[in-house]
Amino acid sequence: MNITGTPISKITINDGIPGPTLRFTEDEDVTINVTNKLDEPTSIHWHGLIVPGEMDGVTSFNGFPGIKPGETFTYHFRVKQTGTYWYHSHTMGQEQDGLYGSIIIAPKGGDHIKADRDYVVVLSDFSEEESDEIMGNLKKSSDYYSTARRTLADFFHDIKTEGFDKAWKTAKEWGAMRMAQTDLADVTGYTFLVNGKSPQQNWTGLFKPGERVRLRVINASAMSFFDVRIPGLKMNVVQSDGQNIEPVKVDEFRFAPAETYDVIVMPKDDKAYTIAAEPIDRTGFAIGTLATAKGMRGEIPKQRERASLKMGDMGGMDMSDMEMTPADMKSGWIEAGTPPGDKALSYADLRYAGIQKDQRKPERTIEVHLGGNMERYIWTINDKKFSEAEPIRLKYGERVRLNFTNDTMMAHPMHLHGMFVQLENGQPAAKMPNKHTVIIPPGQSYSVLLTADAAGEWAFHCHLFYHMMSGMMRKVVVAKLDPSDVPATPALAEGGHHAH
Ligand SMILES: [Cu+2]
């Protein structure tokens, strides 16, 4: 591949980064033959698709053996849902190194979301380095990619050796908040791509003025949260993680690796509009263009201020002794730099389009603490990394709450395979949106509900790639019991979640 001017080796699917868009129709049986031409094992996971465990593509889960060099594995499953999804390797660093693509599932009998044009917008973060090198650098020093982070790592070190009070006083003496300069990303140096194209290469989607254009925006990056906007256009958000929602008009949205939003835009002028996806560490843009003719370019927006961490991002720490005004507690995470009067999408806006079938209250709550050790670059769930932890066990059919608490200063997009969760976002149970990936902001708590309606072994992990690889992952086991033990719920009786 030559994306940045330097030809380098990357992993491709059918010769492309991203791989081909897979187009399915609801209720059809699909067969996908994956031939591994690499000299290492591989896998493909269908992100957000509800498939039997052995088709989910996580090696050693549900007896899936992985795909060895030279082998072909045949995936076969029935497509039980509709919407926008994606796929990626679940083996080593292959996803960061190019092994990803998009999935579009058309509703049987036509889509009620009408559009004259329909484009996939796959965002990714491309590095000339290989994933192994990046991981090695982070293990050597978590601040490898960020000189500002040193201050923060030092601060954590001081807390350990001197206690929080003394460390905080020292930090204060440095001059207010030097650590506020710390950015919100672990890895920098990426080139951000739209459908595999750099800002210079400028992926372009054509339209005629007045047309309704559907953009299926997929964050297929390894480590990058993006603020997405199209200056001059309102975006009508119609899907979140592939699931239809009641439309919400916004000027911008922030999303994490693995999340997707479908938006409808209606460009009225005969000109070029810029799709600008800005990573939250403000180190560039993924840029694409909506234009009435090839070769046109819109204006590139000005880079926004780097979001900086504030005391509010340190919620996991005991700050009871500190003199702070409520204003100090505002989280740097939420400072997206949205212009006054503009509307940024919030999870609270998401309302399921339709009526949720399972509206039971949870039978129990499972606490999920997200933690990390920056000195060793280890990321944990309930203080354990994946290799040290027992699975989380759920009874088939039970309704549980996952209560996340983020004790770290980074946001973590938590992804569960095999089942959608419902966000407890303030909407009534009937209207809680389905998600496959949920951002837990730094220092904050967030809860979701889950109906354990898929028996099997399911990966549950942070979708920041280097966090998953360094421990922030669990196996969730849903055990099928005697049928008489399974509660009769409408959701289960009808075979799980549907988009409609
Ligand atoms: Cu994480």
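In this predicted model, His412 is buried, because its relative accessibility of 0% falls under the 20% cut-off. Cys462 is likewise classed as buried, at 0% relative accessibility.

Both residues serve as donors to the copper ion, which is coordinated at 2.0 to 2.1 Å by His412, Cys462 and His467. Along the chain, these donors follow the spacing H-x49-C-x4-H. His412 belongs to strand E22 and Cys462 to strand E27, so this pair of residues ties together parts that lie 50 residues apart in sequence.

| Donor residue | Donor atom | Range for the copper site |
|---|---|---|
| His412 | ND1 | 2.0 to 2.1 Å |
| Cys462 | SG | 2.0 to 2.1 Å |
| His467 | ND1 | 2.0 to 2.1 Å |

Strands E22 and E27 are members of an open sheet of five strands with mixed pairing, in the order E20-E28-E27-E22-E25. The edges are formed by strand E20 (392-395) and strand E25 (437-440); each has a single partner strand, so one side of each is left without a neighbour in the sheet. From one strand to the next, the twist averages 20 degrees. Strand E20 pairs with strand E28 (residues 473-479) in the parallel sense over four bridges. Lys395 has Ala479 in E28 as its bridge partner.

The model also contains eight cavities of 30 Å³ or more. The largest cavity holds about 70 Å³ of space. It is lined by 13 residues, of which Ala185, Met223, Ser224, Pro279 and Asp281 are the closest to its centre. The lining of this largest cavity comprises 10 nonpolar residues, two polar and one charged.

Conventions: Residues numbered from 1 in each chain as written. Predicted model: local features only at pLDDT ≥ 70, side-chain atom pairs only at ≥ 80, totals over all residues. Heavy atoms only, no water. 1 Å grid on protein atoms, 1.4 Å probe; cavity = no way out; pocket = protein on both sides within 12 Å on 5 of 7 lines; lining within 4 Å. Points joined across faces, edges and corners; volume = space filled by probe spheres on them. Nonpolar A, V, L, I, M, F, W, Y, C, P; charged D, E, K, R; others polar. Donors = N, O, S within 2.8 Å, 3.2 Å for Na, K, Ca; no water. Helix = DSSP H or I, 4+ residues; strand = E, 2+ residues; numbered from the N terminus. Buried < 20%, exposed > 50% of the residue type's maximum accessible area, 1.4 Å probe, protein only. Pairing = 2+ DSSP bridges. Axes fitted to C-alpha atoms, helices over the stretch in contact; angles between N-to-C directions.
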